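Please read the following report alongside the sequence and the coordinates. It takes up a few topics in turn, beginning with how strands are paired.

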Amino acid sequence: MSRPEVIRAAALAAALCCAGAFAQDERLISGPGSTLTENKCKICHELQHISRAQLSPGEWADNLRNMKERGTPMTDDEMRVIHEYLSVYYNRDKPAPASAPDTLAAGGDDPVQKLLNANACNGCHSVDKRIVGPSFREVAAKYAGDRDASARLATKIRAGGQGVWGQVPMPPNPAMQETDLRRVVTWVLDQK
Amino acid sequence: MENLKKPVESRRGFLAGVAGAGALAALGEAATLREALAQAAPAPAAPPGTVTNEAIKAGKASAMQYHSERPITGSVPAHEHDFEFTPTDRVFVRNNLLTPDLDINAHRLTVKGLVEKELTFSVAELQKAFPVVTMAGMIECAGAGRTNYQPRASGTPWGETGGMSCPVWTGVRLRDVLAAARLKGGAAHIAGQGGDPGAVAAAAPVIRSIPMSKAMDENTLIAWAMNGAPLPKVHGYPLRLVTPGWVGSASTKWLHTLTVLDAPFKGTYMTGSYVMPKWPVKPGEKMPPDTVSTQAWPVKSMITSPAPDQLLKGTERITVRGKAWVGEGSVDRVDISFDEGVSWHRAQLDGGRDKYAWRTFTYDYVPQRFGHLTFLARATDDRGNVQPITPYWNPLGYFWNGLHRVGVMVVPA
């Protein structure tokens with residue numbers, strides 16, 4: 001790829017975020033693995049692609065392998081969790097059990113992790129690895145020593161941003177509570 | 001009743017006007033939608049270099065039914081296909097990735113791989129270098145009609161009909177371009193790659209290859225126009241392959257590179273998608289190891305008029321009209337049944353000038369009773385293949401070509 005192509009390809013990862021903003025209220029049945037499944041699948045498509053497809057566990061395995069081939073950023077471990085979840089809650093041959101807390105959500109009951117999951121942050125960011133956006137540690141390192149870091153980062157999360165970490169835009173989060181926003185900002189800047 | 005009896009040919013001017021009005025109506029709706037969204041939440045930053053769904057929908061008829069927004073997919077149902085060829089604003093939309101916003105002046109097409117001479121063309125150069133061909137031709141998504149399958153397969157939930165179009169294409173023959181590049185020995189497949197970007201940088205590019213026999217067909221084009229106008233962005237502007245009669249994914253949009261290979265391209269869009277079991281599996285079973293790549297569509301038909309649930313006056317003559325096509329070969333006959341398949345009656349078949357275009361069939365009928373009445377259409381090709389009642393199930397729900405049924409009500413005059 002030429003340089004403009006690379007920039008464009010990266011910039012286009014935007015789609016992931018942008019449409020995510022439209023579909024934030026779209027949810028799967030809550031259960032062990034539902035958060036990870038939502039975060040990974042929403043990167044490229046609506047969750048209705050899952051909820052209206054009732055597949056067998058074998059077909060879900062084929063489907064996930066296909067999605068990974070197409071470029072979904074997920075590890076084999078994550079793929080196993082998602083497969084287990086889909087085979088229980090979206091299985092053609094067995095009715096779904098009652099919804100349950102997602103005990104496998106990153107961070108479990110940790111209140112900040114709950115916020116990161118609820119606002120789809122974990123789809124593109126993780127603590128120590130780049131997924132689509134920078135890792136939280138990279139963000140913390142960038143703002144280290146910046147007195148206005150909290151305000152800058154809060155604005156960025158609230159309004160969305162582009163250009164700091166490349167041309168991939170981050171979607172705005174207009175509906176996030178002010179206290180939740182501050183909590184996330186403090187936590188992110190603490191990741192060193 | 002009156003307009004149903006008019007021959008298709010005389011409807012073209014009228015329908016072109018209707019199509020234009022539809023596009024205007026769609027624009028109006030899109031503007032309202034944009035306003036509503038703007039009030040609800042700040043619009044997210046548009047991915048640079050891509051086209052928004054709102055812009056795509058603004059160019060489409062209000063009859064379009066959208067099945068998903070990411071990626072965007074949409075089509076019109078059978079009774080909205082009642083045109084000689086498909087107007088641009090009714091051509092189905094199906095992307096694997098995002099719609100790129102390309103610059104026709106900067107765009108280049110490169111031909112490489114097993115060729116003596118690697119070639120690069122601007123769009124203007126391509127248009128001047130080879131004879132220009134205009135023809136009508138079918139493009140149909142492999143999964144068209146998917147929701148008819150039970151159990152349901154994953155993928156775009158194309159309705160009972162829809163996911164296919166037959167517009168008029170203008171371009172140059174792929175074989176003329178390949179001749180200019182001079183194929184080397186062993187050239188067996190040609191892979192098309194387009195400039196559509198994914199939602200993540202790691203997204204696999206959509207690359208599909210077709211065998212040289214299809215590439216050398218005089219109807220396989222590198223096209224720049226649809227229905228006499230430049231390709232709309234969502235349909236591949238500024239250049240696309242048109243591999244008529246075959247699954248839509250073989251007609252690479254936003255085409256920038258053609259690579260001549262000694263074997264089928266190996267990639268997820270060749271081996272993971274667009275494949276069927278070599279031998280049919282029991283409905284609901286997963287894909288077996290032995291698969292074949294989907295290529296030409298089997299023989300198929302749909303009834304475009306009357307529309308479902310239309311009220312028909314008893315004792316008055318009505319015309320059952322529709323389209324029939326096959327991916328390779330030709331449609332030889334279409335039969336109509338108005339008694340749930342007990343008896344069949346040969347319809348009149350028009351068209352057939354362009355090998356890969358659908359043909360229009362008509363059958364005049366006077367209802368013999370009141371009440372609910374169904375019409376079934378069944379096409380037969382020149383090799384004797386007949387549409388099945390229900391085709392064999394396959395895990396990804398491809399190649400639905402079961403009989404299309406339309407039910408109407410016959411009421412006293």
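In which sense, parallel or antiparallel, do strand S19 and strand S26 of chain B pair, and over how many bridges? In this predicted model, strand S19 (residues 311–313) and strand S26 (residues 404–411) of chain B pair in the parallel sense, over 3 bridges.

## A mixed sheet in chain B

The pairing of S19(B) with S26(B) places Lys313(B) opposite Val411(B). On the evidence of a further pairing, S26(B) also runs alongside strand S25 (residues 371–381) of chain B, in the antiparallel sense and over 7 bridges, and here Leu373(B) stands opposite Val408(B). Strand S21 (residues 331–337) of chain B is joined to S22(B) by 2 bridges, and these two strands run antiparallel; the bridge partner of Ile336(B) is His345(B) in S22(B).

Taken together, 5 strands of chain B form an open sheet with mixed pairing, in the order S19-S26-S25-S21-S22. Because S19 and strand S22 (345–346) of chain B each have a single partner strand, they stand at the edges of the sheet, and one side of each is left without a neighbour in it.

## Chain B overall and the nonpolar cores

Chain B contains 7 helices and 26 strands, and buried residues make up 46% of its 413 residues. Among the contacts in chain B with a separation of 6 or more, 71% are accounted for by residues 24 or more positions apart.

The largest nonpolar core has 110 residues, and those with the most contacts inside it are Met138(B), Ile222(B) and Ala377(B). When residues up to four places away in sequence are not counted, Met138(B) touches Met164(B), Cys166(B), Pro244(B), Gly245(B), Trp325(B), Tyr356(B), Ala357(B) and Trp358(B). Another core lies apart from the one to which Met138(B) belongs; it has 11 residues, among them Leu115(A), Cys121(A), Val139(A) and Ile157(A).

## Backbone features in the loops of chain B

Two cis peptide bonds may be noted in chain B, each of them leading into a proline. The bond from Arg70(B) to Pro71(B) is cis, with omega near -10°, and Pro71(B) has its place in the loop between strand S1 (65–69) and strand S2 (72–75) of chain B. The bond that joins Ser305(B) and Pro306(B) is also cis, with omega about 5°; Pro306(B) is found in the loop between strand S18 (300–305) and S19 of chain B, so that this loop leads to an edge strand of the sheet described above.

Positive phi values occur at two residues that are not glycine, namely Trp254(B), where phi is near 55°, and Tyr274(B), where phi is about 60°. Trp254(B) lies in the loop between strand S14 (240–242) and strand S15 (255–261) of chain B, and it counts as buried because it has 27 C-beta neighbours inside 10 Å. Tyr274(B) lies in the loop between helix H7 (268–271) and strand S16 (275–277) of chain B, and it is likewise buried, with 23 other C-beta atoms within 10 Å.

## A loop residue that contacts chain A

Ala204(B) lies in the loop between strand S10 (189–194) and strand S11 (207–211) of chain B, and with 18 C-beta neighbours inside 10 Å it counts as partly exposed. Leaving aside its neighbours within four places in sequence, Ala204(B) is in contact with Glu69(A), Arg70(A) and Gly71(A), as well as with Gly267(B) and Thr268(B). Ala204(B) and Thr268(B) are 64 residues apart along the chain, and their C-alpha atoms are separated by 7.6 Å.

## Domains and a buried helix in chain A

The domain assignment of chain A gives domain 1 (1–11 + 119–192) and domain 2 (25–108). The contact between them takes 5 residues from domain 1 and 6 residues from domain 2 of chain A, and the side of domain 1 that touches domain 2 divides into 3 nonpolar residues, 2 polar residues and no charged ones.

Helix H3 (residues 34–41) of chain A is mostly covered, with 8 of its 8 residues buried; these include Ser34(A), Leu36(A), Glu38(A), Lys40(A) and Cys41(A). The buried residues of H3(A) pack against helix H4 (48–51), helix H6 (76–89) and helix H7 (111–118) of chain A.

Methods. Residues are numbered from 1 along each chain as its sequence is written. Chains are lettered from A and ligands numbered from 1 in the order in which they are written. This is a predicted model: local features need pLDDT of at least 70, side-chain atom pairs count only at pLDDT 80 or more; totals for chains, interfaces and linings use all residues. Domain bounds come from an automatic or database domain assignment. Two residues are in contact if their C-beta atoms, placed from the backbone, lie within 7 Å. Ala, Val, Leu, Ile, Met, Phe, Trp, Tyr, Cys and Pro count as nonpolar, Asp, Glu, Lys and Arg as charged, and the others, Gly among them, as polar. A residue is buried if 20 or more other C-beta atoms lie within 10 Å of its own, exposed if 12 or fewer, and partly exposed in between; C-beta atoms are placed from the backbone. Helices (H or I, at least four residues) and strands (E, at least two) are DSSP runs, numbered from the N terminus. Two strands pair if DSSP finds at least two bridges between them. A nonpolar core is a set of buried Ala, Val, Leu, Ile, Met, Phe, Trp, Tyr and Cys residues joined through C-beta atoms within 7 Å.
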